Amino acid sequence: MSKTNASLMKRREAAVPRGVGQIHPIFAESAKNATVTDVEGREFIDFAGGIAVLNTGHVHPKIIAAVTEQLNKLTHTCFQVLAYEPYVEVCEKINAKVPGDFAKKTLLVTTGSEAVENSIKIARAATGRAGVIAFTGAYHGRTMMTLGLTGKVVPYSAGMGLMPGGIFRALYPNELHGVSIDDSIASIERIFKNDAEPRDIAAIIIEPVQGEGGFYVAPKEFMKRLRALCDQHGILLIADEVQTGAGRTGTFFAMEQMGVAADLTTFAKSIAGGFPLAGVCGKAEYMDAIAPGGLGGTYAGSPIACAAALAVTTLALSLSAAAQSAYPNKAIRVIVPFGAGSTTDIIARAITDKMSQSLGQPVIVDNRGGASGTIGQAAVASAAPDGYTIMIHSSSHTVSPSTFAKLPFDTARDFSGITPISSTPNVLVIAPSKNLKTLPQLVAHAKANPGKMNFASAGQGSATHLNAEKFKLAAQIDAVNIPFKGSADAVTEVLAGRVDYYFSPIAPVIGQIKDGQLLALAVGSPRRASALPDVPTTAEAGVPGSEFNFWIGMMAPAKTPRDVVNRLHDEVVKALATPEVKERFLKLGADAWTLKPEAFDAYIRDEIKSNAAVVKAAGLLATN
Ligand SMILES: Cc1ncc(COP(=O)(O)O)c(C=O)c1O
């Protein structure tokens, strides 16, 4: 082996100052995609991409083709001396992509540090002020000004004496380090009080995601408050996107996810796929604050680097669009806020089994029972609205706003309806020995004997209880609830005639109805049940306004993207059409029922209101 890592290391030590540290004791010979081969022929997976300059991998064919074409045409003129189109084209593309609803202009330079230096120059010229606020843990470069902004002495500025003045340091918000958003804002206010008046501060510079600091994301709420603070004092907000730009955070710029725009944005690193290119993009009026000649550089925005950047932006933009349309690209968690084996759980599993097959990703049921479903609901309300955490819940969803005085979420505001899945009708059953053969007969008997009739329910506040209460209200009768632990006990008591009637789910009583042990007087649902097509609804049988719909449906956190909500809706509709799901529903006495997402949201809002009256009548108000 003529060249070894050890022999090259010796030469390096003799020729290169030690200040240019070396993280790996190896020398690269060639590379392709994410694989690097060293001078001894060993292959390595490249997790660093030359500190993140290679989003597109090594030797990407499209970048090499673009650069080769440019190399054969024009390598250099110095843009300020003799301009060329690729520079202008890169600026146009960046202007269009950087967040901010205002006219923008872009300056191209060579390194990230140079971009940061220039952003400060521009902010100073635009405001006529000299001070800058940077953050703890920040990294902005190794040139003198940027070293002053970088919030880490060892190893970056150790031994070099004091850095340029006029730089003040605020606390970067970081839960892990015990710095809240309030703490961070307070640290800026403290600078205004102790060190420099706001009118002397030209800019606040921040990395939307700190890199060197430890890969910490600035909270959106913080960015909003920082924006407001800058606006209040006429300070420019600089987003240093050198580390985060070019698609490294899922969007082309990290600030696209923050809900506010910076005045100036710096970019570098991945922007040209390994070729040296950097820049500052900002509000046109600020960018024009420096007179001709004050900006630029001999090799700044070289045609070769620009050709590479144009290939990268095309690639990165198409990749990020592809990533967004690739939903789902990982498992989807479906929170069911009841235990395994409950009706909601059985329906959820029937649907999610089918969805797993058609989406090509696991769709996993996660049972989070307890507190009438509100524990699972709270988990969904606070989950990321990305389509990877959703919920299948029952119509208890619209009951808990009235039965709980306080909930850690707002049912109408914090969820987005995808679609109802099923409606499970209850059927009013009574023993033949009671001699009441129709619903009007039962109503007349109850009216003649106020407070004497009783009905079974599968628990206080259960769907069977609420159904009976709604019927009581609409029929204007007085009857007494006898709650049981579940349907089995309730059915036994009604069969024996010890309790008068029961609004039962269909599955536990269909056998007894068929062989005449129980009479089915009506179904409580708005529509007839497919398992009992000859039995009228309570409304049809003379009690309008008594409809009670026990549904099971799918919901997502409120801000889930619309295309994801629509996709999930379509998947449920597809699953419901399969013979396997139809068969399982038949056994459960459940009917398939769907609504468009917007209609489901409206339905939920209405039902929250109508259930409030039933809950009040049933004496179930506010349990906490
Ligand atoms: C946020 C940030 N700003 C500026 C720089 C400096 O860029 P360069 O190394 O190209 O000078 C870096 C480099 O890592 C960085 O991460």
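**Figure 1. Burial across the whole chain.** Buried here means under 20% relative accessible area. By that cut-off, 51% of the 624 residues of this predicted model count as buried. The protein exposes about 28,000 Å², and carbon and sulfur atoms supply 56% of that area.

**Figure 2. The overall build, with 21 helices and 23 strands.** The C-alpha trace spans about 105 × 60 × 45 Å along its principal axes. The radius of gyration is 34 Å, whereas a compact globule of 624 residues would come in near 25 Å. Look at contacts with a separation of 6 or more, and 74% of them come from residues 24 or more positions apart. As for charge, there are 58 positive and 55 negative side chains, with the centres of the two sets 2 Å apart.

**Figure 3. Close-up on F79 and Y84, one of 14 aromatic pairs.** These two rings meet edge-to-face, 5.4 Å centre to centre and with 80 degrees between the planes. F79 and Y84 are both buried.

**Figure 4. Close-up on W593 and Y603, an edge-to-face pair.** Here the rings sit 5.2 Å centre to centre, with 75 degrees between the planes. W593 is in the loop between β23 (591–592) and α21 (597–617) and Y603 is in helix α21, so the pair ties together parts ten residues apart in sequence. W593 counts as buried because its relative accessibility is 12%. Y603, at 23% relative accessibility, counts as partly exposed.

**Figure 5. Close-up on a cluster of aromatic rings.** Which residues make up the cluster? They are F455, F471, Y501 and F503, linked by ring pairs.

Definitions and conventions
Residues are numbered from 1 along each chain as its sequence is written. This is a predicted model: local features need pLDDT of at least 70, side-chain atom pairs count only at pLDDT 80 or more; totals for chains, interfaces and linings use all residues. Side-chain values use heavy atoms; hydrogens and water are left out. Helices (H or I, at least four residues) and strands (E, at least two) are DSSP runs, numbered from the N terminus. The radius of gyration is taken over C-alpha atoms; the globule rule is 2.2 Å times the number of residues to the power 0.38. Buried means under 20% relative accessible area, exposed over 50%, partly exposed in between (1.4 Å probe, protein chains only). Contact means heavy atoms within 4.5 Å. Accessible areas come from the Shrake-Rupley method with a 1.4 Å probe; for residues, only the protein chains shown count as cover. Lys and Arg count as positive and Asp and Glu as negative; His and the chain ends are not counted. The place of a charge is taken as NZ of Lys, CZ of Arg, CG of Asp or CD of Glu. Rings of Phe, Tyr and Trp (its six-membered ring) pair if their centres lie within 6.5 Å; planes under 30 degrees apart count as stacked, over 60 as edge-to-face and the rest as tilted.
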